[in-house]
Structures are given as C-alpha cells and as structure tokens.
Amino acid sequence: MAIGIVAKLTCKEGANAEFEAGFKKLQKVVRKNEPDCLFYLLNKSRDDDTTYYVMANYANAKAIEFHGSYNEYRETSKVLGPLSGARPEITLMDQID
C-alpha cells in the first residue's frame with residue numbers, strides 16, 4: 001500500500017530564495033536515489049510567505065524508512081536547517097486505491 005506524506009515546513013523571514021534553492025537540490029537527490037518515492041514536491045502557501053508544504057508519496061513503508069537514511073541526502077539537506085523557522089510538522093496517510 002502506498003503511503004502519502006504532507007510535511008509543513010517554515011523558512012526564516014527573507015530566506016525564501018535560499019530555502020527553495022536548497023530544496024530543489026534535495027529533490028534531485030531524492031529522485032536520483034529513491035526509486036520507490038513516487039513524487040516529492042514543494043508547494044508554497046498562498047497565505048503565508050514563509051510556509052511550505054512537501055507532498056510526497058512512497059510505494060511502501062520500506063521506502064519511507066530509506067528516505068533520508070543515506071549520506072547524500074543528509075549532506076544536501078544540511079543547508080535547510082539554518083534556513084528553517086520551525087520544526088517540520090509531518091502527517092502520514094494511507095493511499096486509497
């Protein structure tokens with residue numbers, strides 16, 4: 001069963017361009033290394049300039065366990081930490097077929 005994820009991310013005021021550029025690099029890493037990640041998309045809130053939502057879909061629980069477990073992901077994602085304004089809020093969902 002596929003698993004969906006929505007993660008609410010917040011970037012620091014004025015750090016949008018750097019945050020978005022860092023996430024685009026991270027997307028490339030995920031697409032290259034995680035074949036069971038069906039999509040991994042960043043969306044920006046229309047109501048709050050510092051709020052973003054990552055929407056992702058994984059083929060199974062094993063794919064989620066693998067996400068972020070490898071060095072290239074960890075190294076690439078380090079840039080986002082200092083640009084973040086809050087801890088991510090993550091929601092897991094089961095896909096209905």
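Select valine 6 and look across to strand S3, where methionine 55 stands opposite. (Strands are DSSP runs of E with at least two residues, helices are runs of H or I with at least four, and both are numbered from the N terminus.) You are looking at a predicted model, in which local features need pLDDT of at least 70, side-chain atom pairs count only at pLDDT 80 or more, and totals for chains, interfaces and linings use all residues. Residues are numbered from 1 along each chain as its sequence is written, and side-chain values use heavy atoms, with hydrogens and water left out.

**The strands around S1**

Now show S1 and S3 together: they pair in the antiparallel sense over 8 bridges. (Two strands pair if DSSP finds at least two bridges between them.) Next, add S4, which pairs with S1, also in the antiparallel sense, over 6 bridges. To follow that pairing, click glycine 4, whose bridge partner in S4 is methionine 93, then lysine 8, whose partner in S4 is glutamate 89.

Stay on S4, residues 89–94, for a moment: of its 6 residues the number buried is 0, so this strand lies largely in the open. (Buried means under 20% relative accessible area, exposed over 50%, and partly exposed in between, with a 1.4 Å probe and protein chains only.)

**Asparagine 57**

Go back to S3, which spans residues 51–58, and pick asparagine 57. This residue is buried, with a relative accessible area of 9%. Turn on its side chain and that of glutamine 95 to find a polar contact of 3.0 Å. (A polar contact is a pair of N or O atoms within 3.5 Å; within protein, one must be able to donate a hydrogen and the other to accept it, and residues adjacent in sequence count only if both atoms are side-chain atoms.)

**The nonpolar core**

Now select Phe19, Tyr40, Tyr58 and Tyr73, the residues with the most contacts inside the largest nonpolar core, which has 21 residues. (Such a core is a set of buried Ala, Val, Leu, Ile, Met, Phe, Trp, Tyr and Cys residues joined through side-chain atoms within 4.5 Å.) S1 (3–10), helix H1 (16–33), S2 (37–44) and S3 each supply at least two residues of this core. H1 gives the most, with 5 residues.

**Two cysteines to finish**

Lastly, pick cysteine 11, buried at a relative accessible area of 2%, and cysteine 37, which counts as buried at 13%. How many disulfides does a search of the whole structure find? The search finds 0, where a disulfide is a pair of cysteine sulfur atoms within 2.5 Å.
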